[in-house]
Amino acid sequence: MDLLIATQNQGKVKEYQRLLSDVSANIIGLDEVGLGDLDVEETGTTFEENAILKAKTYAEASGKIALADDS
């Protein structure tokens, strides 16, 4: 199973790969699914709303489970 880390920041992708090294998933970044140039407009009013918006958008675009944050 692939877990897409929905961030443009490659440092965050590597950090998640380290943090989730015990998880039986392939931790991948946006560039690995061809979405490195897709920018999501953050229209939420909270960090949580923006994270959900990004995760849903990237999940739909990639067909993969996505994890996002906003801070």
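Okay, let's start with a term we'll need. A nonpolar core is a set of buried Ala, Val, Leu, Ile, Met, Phe, Trp, Tyr and Cys residues joined through side-chain atoms within 4.5 Å. Keep in mind that what you're looking at is a predicted model.

So, which residues make up the largest nonpolar core here? There are ten of them: L4, A6, I28, L30, L35, V40, A55, Y58, A66 and A68. Apart from that one lies another core, with six residues, and L3, I5, Y16 and I27 are among them.

Let's pick a few members of the big list and see who they touch. Take Y58. Leaving out its neighbours within four places in sequence, Y58 is in contact with L4, A6, Q8, L30, L35, L38, D39, V40 and A66. If you check those names against the core, you'll find L4, A6, L30, L35, V40 and A66 in both places.

Now L35. You'll find L35 in the loop between β2 (26–29) and α2 (47–62). Is L35 buried or exposed? L35 counts as buried because its relative accessibility is 11%, and the cut-off for buried is under 20%. Again skipping neighbours within four places, L35 is in contact with Q8, L30, Y58, A61 and S62. And here's a nice one about folding a chain up on paper: L35 and T7 sit 28 residues apart in sequence, and their C-alpha atoms are 9.9 Å apart in space.

One more core member: A55, which is in helix α2. With a relative accessible area of 16%, A55 is buried too. Beyond residues up to four places away in sequence, A55 touches A66 and A68. From A55 over to Q17, you'd count 38 residues along the sequence and 17 Å in space, C-alpha to C-alpha.

Right, on to the charged residues. Where does K54 lie? K54 is in helix α2, and at a relative accessible area of 11%, K54 is buried. What does K54 contact, apart from neighbours within four places in sequence? The answer is V40, E42, A68, D69 and D70. For D69, there's some detail: its backbone oxygen lies 2.7 Å from a polar atom of the K54 side chain.

D70 is worth a stop as well. D70 lies in the segment after β3 (65–67). D70 counts as buried because its relative accessibility is 13%. The side chain of D70 makes a polar contact with the side chain of K54, at 3.5 Å, and another polar contact, of 3.2 Å, joins the side chains of D70 and N50. Not counting residues up to four places away, D70 touches E42, F47, N50, A51 and K54.

For contrast, look at E48. E48 is in helix α2 as well, but at 59% relative accessibility E48 counts as exposed. C-alpha to C-alpha, E48 and E15 are 20 Å apart in space, with their places 33 residues apart in sequence.

Last thing: the largest pocket. How much space lies in it? About 160 Å³. Of the 13 residues lining that pocket, the closest to its centre are A6, T7, Q8, E42 and K54. A6 is on our core list, and K54 is the buried residue we just met in helix α2. What classes make up the lining? Four residues are nonpolar, three are polar and six are charged.

That's my tour. Have a go at finding K54 and D70 on the structure, and see their side chains in polar contact.

Note on methods
Residues are numbered from 1 along each chain as its sequence is written. This is a predicted model: local features need pLDDT of at least 70, side-chain atom pairs count only at pLDDT 80 or more; totals for chains, interfaces and linings use all residues. Side-chain values use heavy atoms; hydrogens and water are left out. On a 1 Å grid over the protein atoms alone, a cavity is a set of points where a 1.4 Å probe fits but cannot get out, and a pocket is an open set with protein on both sides within 12 Å along at least five of seven lines; lining residues have an atom within 4 Å of a point. Grid points are joined across faces, edges and corners, and a volume is the space filled by probe spheres set on the points. Ala, Val, Leu, Ile, Met, Phe, Trp, Tyr, Cys and Pro count as nonpolar, Asp, Glu, Lys and Arg as charged, and the others, Gly among them, as polar. Buried means under 20% relative accessible area, exposed over 50%, partly exposed in between (1.4 Å probe, protein chains only). Contact means heavy atoms within 4.5 Å. Helices (H or I, at least four residues) and strands (E, at least two) are DSSP runs, numbered from the N terminus. A polar contact is a pair of N or O atoms within 3.5 Å; within protein, one must be able to donate a hydrogen and the other to accept it, and residues adjacent in sequence count only if both atoms are side-chain atoms.
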